[in-house]
Amino acid sequence: MIRPTWYALGNLGSNIFSQTFATFILFFYIDHLHAPLTGITLAMTIQSVWHAVLNPLIGQISDRTKSRYGRRIPYIAGMSIPLGLIFFLLWHPLVSQKELSLYFLIMVLLFDLTYLTVVLNWTSLFPEMFQTIGERTRAQSPRQIVGVIALLIGVASPPLLYGHWGWTVMGAIF
């Protein structure tokens with residue numbers, strides 16, 4: 001059985017990504033890159049609907065998956081590197097100013113797809129790995145501690161990183 005501390009480390013990446021995205025992505029695109037507010041707002045609206053559709057869909061697909069590695073691990077392993085690359089590309093736009101809204105839309109949809117696939121499957125492992133109340137209780141404490149640390153990193157460190165080295169380097173570090 002995997003140790004609760006090892007499982008808890010999954011909260012590090014998921015919370016750093018989610019907190020950095022939620023706290024800084026609009027500031028980066030609107031205030032820093034001067035992307036059109038209307039285009040970014042429309043992209044975020046589309047992303048919200050996309051998220052609502054994807055969440056149960058990804059759950060249904062992974063619940064029905066049968067593989068020698070289980071039903072969760074193939075998705076976590078297969079989408080973790082694409083998730084990291086897409087997160088980096090969010091902070092390093094490859095398009096001109098004129099194309100920022102469309103780029104942002106495509107990237108947030110891809111980010112949501114990869115993030116949900118990894119994190120939904122990781123969180124779904126919890127009740128499968130820790131089946132008794134005692135196991136869940138022991139596993140939950142390190143998971144929450146790592147989550148709080150990651151939340152602080154995801155909110156407090158980006159201004160230090162992008163202020164010193166720029167947004168691209170911040171995205172690469174995370």
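**Close-up views of a predicted helical model**

**View 1. Thr 123 and its contacts in helix H5.** Leaving out residues up to four places away in sequence, Thr 123 touches Tyr 7 and Arg 143. The model shown here and in the views below is a predicted one. Thr 123 belongs to helix H5, and with a relative accessible area of 30% this residue is partly exposed, since that value falls between the limits of 20% for buried and 50% for exposed. Although Thr 123 and Tyr 7 are separated by 116 residues in sequence, their C-alpha atoms lie 9.6 Å apart in space. Arg 143, the other partner of Thr 123, is listed among the buried residues of H6.

**View 2. Helix H5 and its packing against helix H2.** Helix H5 comprises residues 100-129, and it is mostly covered, with 23 of its 30 residues buried. The end C-alpha atoms of H5 are 42 Å apart, which agrees with the 44 Å that 30 residues should span at 1.5 Å a residue. Helix H2, which covers residues 10-32, packs with H5 at an angle of about 160°, the two axes being 11 Å apart. Because angles over 145 degrees count as roughly antiparallel, that makes H2 roughly antiparallel to H5. The crossing of these two helices, H2 and H5, is left-handed. On the H2 side the residues that meet H5 are Gly 10, Asn 11, Ser 14, Phe 17, Ser 18, Phe 21, Ile 25, Leu 26 and Tyr 29; on the H5 side they are Leu 100, Tyr 103, Phe 104, Val 108, Phe 111, Tyr 115, Val 119 and Trp 122.

**View 3. Helices H3 and H5 side by side.** Helix H3, formed by residues 37-63, packs with H5 at an angle of about 25°, and their axes are 9 Å apart. H3 and H5 are therefore roughly parallel to each other, as angles under 35 degrees are counted that way. Their crossing, that of H3 and H5, is right-handed. The contacts of H3 are not limited to H5, for its buried residues pack against H2, H4 and H5. Those buried residues of H3 are Gly 39, Ile 40, Ala 43, Gln 47, Leu 54, Ile 58, Gly 59 and Ser 62.

**View 4. The bend of helix H3 at Leu 54.** From its first C-alpha to its last, H3 reaches 38 Å with 27 residues, close to the 39 Å expected at 1.5 Å a residue. Within this helix there is nevertheless a bend of about 25° at Leu 54, followed within four residues by a proline, Pro 56. Leu 54, a residue of H3, has a relative accessible area of 5% and is therefore buried, the limit being under 20%. Apart from its neighbours within four places in sequence, Leu 54 is in contact with Asp 112, Leu 113 and Leu 116. Ile 153, by contrast, is 99 residues from Leu 54 in sequence and 27 Å from it in space, C-alpha to C-alpha.

**View 5. Helix H6, its kink and its surroundings.** The 32 residues of helix H6, residues 133-164, should span 46 Å at 1.5 Å a residue, and the end C-alpha atoms are indeed 46 Å apart. A kink of about 40° lies at Ser 157, shortly before the proline Pro 158, and both Ser 157 and Pro 158 are among the buried residues of H6. The others that are buried in this helix are Glu 135, Ala 139, Pro 142, Arg 143, Val 146, Gly 147, Ala 150, Gly 154, Leu 161 and Tyr 162. What covers the buried residues of H6 includes helices H1 (4-8), H2, H5 and H7 (167-173). Just after H6, Gly 166 adopts a positive phi of about 105°.

**View 6. Two exposed residues, His 34 and Ile 81.** His 34 lies in the loop between H2 and H3, where it has a positive phi of about 60° although it is not a glycine. With a relative accessibility of 57%, His 34 counts as exposed, the limit being over 50%. Ile 81, found in helix H4 (residues 73-90), is likewise exposed, at a relative accessible area of 70%. Between Ile 81 and Thr 114 the separation is 33 residues in sequence, while their C-alpha atoms are 9.2 Å apart in space.

Key:
Residues are numbered from 1 along each chain as its sequence is written. This is a predicted model: local features need pLDDT of at least 70, side-chain atom pairs count only at pLDDT 80 or more; totals for chains, interfaces and linings use all residues. Side-chain values use heavy atoms; hydrogens and water are left out. The expected span of a helix is 1.5 Å times one less than its number of residues. The bend at a residue is the angle between axes fitted to the seven residues ending there and the seven starting there. Buried means under 20% relative accessible area, exposed over 50%, partly exposed in between (1.4 Å probe, protein chains only). Contact means heavy atoms within 4.5 Å. Axes are lines fitted to C-alpha atoms, for helices over the stretch in contact, and angles run from 0 to 180 degrees between N-to-C directions. Angles under 35 degrees count as roughly parallel, over 145 as roughly antiparallel, 65 to 115 as roughly perpendicular and the rest as oblique. A crossing is left-handed if the near helix is turned anticlockwise from the far one by less than a right angle, and right-handed if clockwise.
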